[in-house]
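Subject: Structure handover

Dear colleague,

Here is the structure I said I would pass on. Please look through it alongside the notes that come after it.

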Amino acid sequence: MSDHLQNRRILLIVGGGIAAYKCLELIRRLRERGASVRVVLTAAGAEFVTKLSLGTLSGDKVYTDLFDLTDTAAIGHIELSRDADLLVVAPATADLMAKMAAGLAGDLVTTLLLATDKKVLIAPAMNVRMWTHRATQRNLEQLMADGIHIVGPNEGEMACNEFGYGRMAEPAEILAAIEAHFSELEFEGEQPLKGVHALITSGPTHEPIDPVRYLANRSSGKQGHAIATALARMGADVTLVSGPTNLPDPAGVTLKRVETAREMLVACEAALPADVAICAAAVADWRVDVDATQKIKKEPGASAPSLTLVENPDILATLSKLKTKRPTLVIGFAAETEKVIEHAVAKRLRKGCDWIVANDVSPETGVMGGELNTVHLITAEGQEDWPLLPKQAVAERLARRILAYFDSKKAKA
């Protein structure tokens with residue numbers, strides 16, 4: 001389990017919104033990972049979740065009133081904020097964001113936020129029209145300029161029966177953002193992987209059938225992009241070769257966009273030499289032998305067209321078996337729906353790579369496109385079983401294993 005949160009102190013500010021119920025799950029996950037959680041509940045938040053439930057899960061008193069003299073004498077609103085390692089506001093309503101941007105201090109929550117000298121992470125949640133309103137976006141820009149970290153909001157259906165951006169990030173996403181914050185602190189000012197060139201593939205590939213249709217898979221690219229982010233944060237020179245995704249570009253990496261498996265292989269070969277190659281992309285195994293130059297029309301009464309498939313290049317095997325320019329460490333991924341370990345062990349030997357990161361992507365796991373992952377690291381020395389973690393946390397743990405690998409090689413040199 002990730003140790004970034006061990007003994008960390010989180011001050012969780014619960015705003016007034018239907019999404020406040022998600023904070024119960026967030027508290028549970030934070031405490032599972034060794035963090036202590038102290039909760040401040042707004043008057044509006046108390047309309048959606050109770051002090052009893054928040055206090056039971058956090059194992060601490062829930063604070064609500066700036067003018068509770070007993071609490072002020074015991075801890076003080078200044079100390080309440082400064083005692084925390086990180087302040088998290090969830091849900092961050094439009095009203096709370098506006099007050100934060102204006103620097104108001106009329107109640108316990110706004111006073112805490114104005115008095116703190118610690119980092120603040122907010123998870124916005126509101127109606128889509130409120131989120132897109134010019135005033136909210138202006139407040140968001142101000143908060144970001146002030147150094148406030150943002151997670152979400154997500155797109156989806158809302159309690160008000162509208163659809164769009166404004167849903168609060170899921171507990172796993174907020175947890176990943178919190179872990180990423182503490183991971184950044186660990187290497188703040190340090191670059192332990194400086195001088196290491198990392199080549200990473202991510203996302204799916206799209207293999208054209210005709211100008212409007214293609215063969216693909218359900219990979220979102222979230223795990224590969226998270227790995228690129230984690231390695232770049234540790235100082236590595238990262239080249240990310242990505243198939244089509246809807247993800248923002250990771251900061252601090254060289255991004256090469258491709259569509260097909262053949263384009264991905266060309267881009268990988270052009271990026272060599274590399275010290276480590278991580279093939280996290282879900283490359284389509286097959287493509288149509290000849291893709292049509294015009295859209296294949298569905299004629300009335302005609303049978304379905306016959307497609308002849310041919311095998312795509314095997315990028316992982318190609319990089320693993322290079323005679324020259326082979327990366328020192330080659331890592332593959334094995335996305336399986338059955339016999340996960342057995343298939344992964346066989347794949348490592350068959351492909352010739354050094355490590356395999358294996359995971360179960362059966363539909364019921366929600367891994368494909370989701371925020372969580374349970375992986376098994378297969379090496380020549382054996383097998384490591386990692387717990388269920390946010391994909392960012394999986395990426396951080398893998399980055400640390402890579403760092404340990406290169407540190408070990410330096411020690412033996």
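Below is what was found, from the whole chain down to single residues.

Please keep in mind that this is a predicted model.

Overall

The protein holds 14 helices and 22 strands. Its radius of gyration is 24 Å, close to the 22 Å that the globule rule gives for 413 residues, so the protein is as compact as a globular protein of that length. The C-alpha trace spans about 75 × 70 × 40 Å along its principal axes. Of the 413 residues, 50% count as buried. The accessible surface comes to about 19900 Å², and carbon and sulfur atoms hold 51% of that. Among contacts with a separation of 6 or more, 69% are between residues 24 or more positions apart. As for charge, there are 46 positive and 52 negative charges, and their mean positions lie 3 Å apart.

The six-stranded sheet

One open sheet has six strands in the order 3-2-1-4-5-6, with parallel pairing. Which strands are at its edges? They are strand 3 (62-63) and strand 6 (149-150), each of which pairs on one side only.

Strand 1 (residues 9-14) is largely enclosed by the rest of the structure, because five of its six residues are buried. It pairs with strand 2 (residues 36-41) in the parallel sense, over six bridges. Within strand 2, Leu41 is the residue that stands opposite Val14. Towards the other end of the order, strand 5 (residues 120-124) runs parallel to strand 6, and two bridges join them. Here Ile122 has Ile150 of strand 6 as its bridge partner.

Strand 9 and its partners

Strand 9 (residues 197-202) is mostly covered, with six of its six residues buried. In a regular strand the side chains alternate between the two faces of the sheet. In strand 9, His197, Leu199 and Thr201 point one way, while Ala198, Ile200 and Ser202 point the other way, and all are buried.

Strand 9 has parallel pairing with two strands described here. Six bridges join strand 9 to strand 12, and four join it to strand 14. On the strand 12 side, Ser202 stands opposite Ser242; on the strand 14 side, Ala198 stands opposite Val276.

Ser242 itself belongs to strand 12 (residues 237-242). Is Ser242 buried or exposed? With a relative accessible area of 3%, Ser242 is buried, since the limit for that class is under 20%. Neighbours within four places in sequence aside, Ser242 is in contact with Ser202, His225, Leu255, Lys256, Arg257, Val258 and Met264.

Gly221

Gly221 sits in the loop between strand 11 (213-215) and helix 10 (222-233). Despite the loop position, Gly221 counts as buried, at 4% relative accessibility. Leaving out residues up to four places away in sequence, Gly221 touches Ser202, Gly203, Thr245 and Leu247. Ser202 therefore appears in the contact lists of both Gly221 and Ser242, the latter being buried at 3%. Gly221 and Glu25 are 196 residues apart in sequence, and their C-alpha atoms are 26 Å apart in space.

Backbone points to check

Two cis peptide bonds may be worth a look in the viewer.

- Ala90 and Pro91 are joined by a cis peptide bond with omega of about -5°. Pro91 lies in strand 4 (residues 86-92), and strand 4 belongs to the open sheet described above.
- The bond from Leu272 to Pro273 is cis as well, with omega near 5°. Pro273 is found in the loop between helix 11 (261-271) and strand 14 (276-279).

Positive phi values also turn up in residues other than glycine.

- Asn7 has phi near 65°. Asn7 is in the segment before strand 1 and counts as exposed, at 61% relative accessibility.
- Lys339 is not a glycine, yet its phi is positive at about 45°. Lys339 lies in the loop between strand 17 (329-336) and helix 13 (340-351).

Regards

Notes:
Residues are numbered from 1 along each chain as its sequence is written. This is a predicted model: local features need pLDDT of at least 70, side-chain atom pairs count only at pLDDT 80 or more; totals for chains, interfaces and linings use all residues. Side-chain values use heavy atoms; hydrogens and water are left out. Buried means under 20% relative accessible area, exposed over 50%, partly exposed in between (1.4 Å probe, protein chains only). Contact means heavy atoms within 4.5 Å. The radius of gyration is taken over C-alpha atoms; the globule rule is 2.2 Å times the number of residues to the power 0.38. Accessible areas come from the Shrake-Rupley method with a 1.4 Å probe; for residues, only the protein chains shown count as cover. Lys and Arg count as positive and Asp and Glu as negative; His and the chain ends are not counted. The place of a charge is taken as NZ of Lys, CZ of Arg, CG of Asp or CD of Glu. Two strands pair if DSSP finds at least two bridges between them.
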